[in-house]
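Here's a walk through one structure, taken a piece at a time. Keep the model open and follow along.

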Amino acid sequence: MFFADWSKFEIWILFTAIFIFRYGFIAGVFFYLFYVLKNKKFSGYKIQKRLPYKNQIRQEVLYSILTFIIYGSTIFIFLYWINNNKTRVYTEISDYGILYFILSIVLMIVVHDTYFYWTHRLIHHPKIFKHVHKIHHKFDSPTPWAAFSFHPLEAIITIGIIPIIIFLIPYHQLALIIFITFLTIYNIFIHLGYVIPGFHYFKYQNTTIGHDFHHLHSHSNYGLYFNFWDRLMGTYLIDKKPLAEP
Ligand SMILES: [Zn+2]
Ligand SMILES: [Zn+2]
């Protein structure tokens, strides 16, 4: 049993706080390096020239905190499923071996990218967009703080990946924590607004330019980690020349 001795309030506070601090720390590091320090090394690498609007960061942070409060509130359903052996959790890494442990994280990422691509396309449907996804697109030149800036309905859609994973893939709790931390880092990273000089992507990887284009044009680059689905479905658009050359 996980968290058997904890009160519901303690569990809610703990998980909400973990979500908020993890986001605050990772987005804070990226923001400090690229927007506060204004290191000369990065000048000229801003994808869109526009700097954040007045109040932009405050709104991005407040909506992200709301998202984490919602994420923290869903934890009880997951704990109920996990503690009643309804999910595919296992507790000893040796049960499946270290290779499977690593593979399960990769699998989570691939499944999540698929889930993200299709739900993202769905919430771009004109009839749904204004009710669900408009808040995330409020600013066409995002900052790292925008990564979880969602309408509550979008927050619920995004957390929908967790039941899919815990019912579908045999997972160790540590693999799930690594996956959630990785998704937080990657989601913040694609909202960076900068090209990182010297950073090499592999061909099928979603990039900061790709997601910046998504915020700017809305009808392309729906993927999160990869561009497999975008290439396959004809929604892949990357301008051949980066918007900002040094
Ligand atoms: Zn975005
Ligand atoms: Zn979008």
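**Around the zinc site**

His137 is a good place to start: this histidine is buried, with a relative accessible area of 10%. Keep in mind that we're looking at a predicted model. What does His137 do in the model besides sitting out of reach of solvent? Its NE2 atom is one of the protein donors of the zinc ion (ligand 2). The others are His120, His124, His133 and His214, again through NE2, and the donors lie 2.1 to 2.2 Å from the ion. Along the chain, their spacing reads H-x3-H-x8-H-x3-H-x76-H. There's a second ion to look at too: the zinc ion (ligand 1) is 5.9 Å from the zinc ion (ligand 2).

Now pick out His120 and His137, a pair that links distant parts of the chain. His120 belongs to helix α3 (residues 98-123), while His137 is in the loop between α4 (126-132) and α5 (152-159), and 17 residues separate the two. His120 is buried as well, at a relative accessible area of 4%; the cut-off for that label is under 20%.

**Two helices side by side**

Next, move along to helix α6 (residues 161-168) and helix α7 (residues 173-190). Their axes come within 12 Å and cross at roughly 150°. Angles over 145 degrees count as roughly antiparallel, so that is how α6 runs relative to α7. The crossing of α6 and α7 is right-handed.

Which residues do the touching? From α6 it's Ile162, Ile165 and Ile166, and they meet Leu176, Phe179 and Ile180 of α7. By class, this contact has six nonpolar residues, with no polar and no charged ones.

The three isoleucines of α6 in that contact turn up again among the helix's buried residues, which are Ile161, Ile162, Pro163, Ile165 and Ile166. And what covers them? The cover includes α7, along with α2 (56-83), α3, α5 and β2 (171-172).

**Two asparagines with positive phi**

Finally, a backbone detail. Most residues other than glycine have a negative phi. Asn55, which is not a glycine, has a positive phi of about 75°, and Asn221 also has a positive value, near 55°. Both are in loops: Asn55 between α1 (8-36) and α2, Asn221 between α8 (208-217) and α9 (228-233).

Are these asparagines buried or partly exposed? Asn55 counts as partly exposed, at 38% relative accessibility, whereas Asn221 is buried, with a relative accessible area of 1%.

Terms used
Residues numbered from 1 in each chain as written. Chains lettered and ligands numbered in written order. Predicted model: local features only at pLDDT ≥ 70, side-chain atom pairs only at ≥ 80, totals over all residues. Heavy atoms only, no water. Axes fitted to C-alpha atoms, helices over the stretch in contact; angles between N-to-C directions. Helix = DSSP H or I, 4+ residues; strand = E, 2+ residues; numbered from the N terminus. Parallel < 35°, antiparallel > 145°, perpendicular 65-115°, else oblique. Left-handed = near helix turned anticlockwise from the far one by under 90°. Contact = heavy atoms within 4.5 Å. Nonpolar A, V, L, I, M, F, W, Y, C, P; charged D, E, K, R; others polar. Donors = N, O, S within 2.8 Å, 3.2 Å for Na, K, Ca; no water. Buried < 20%, exposed > 50% of the residue type's maximum accessible area, 1.4 Å probe, protein only.
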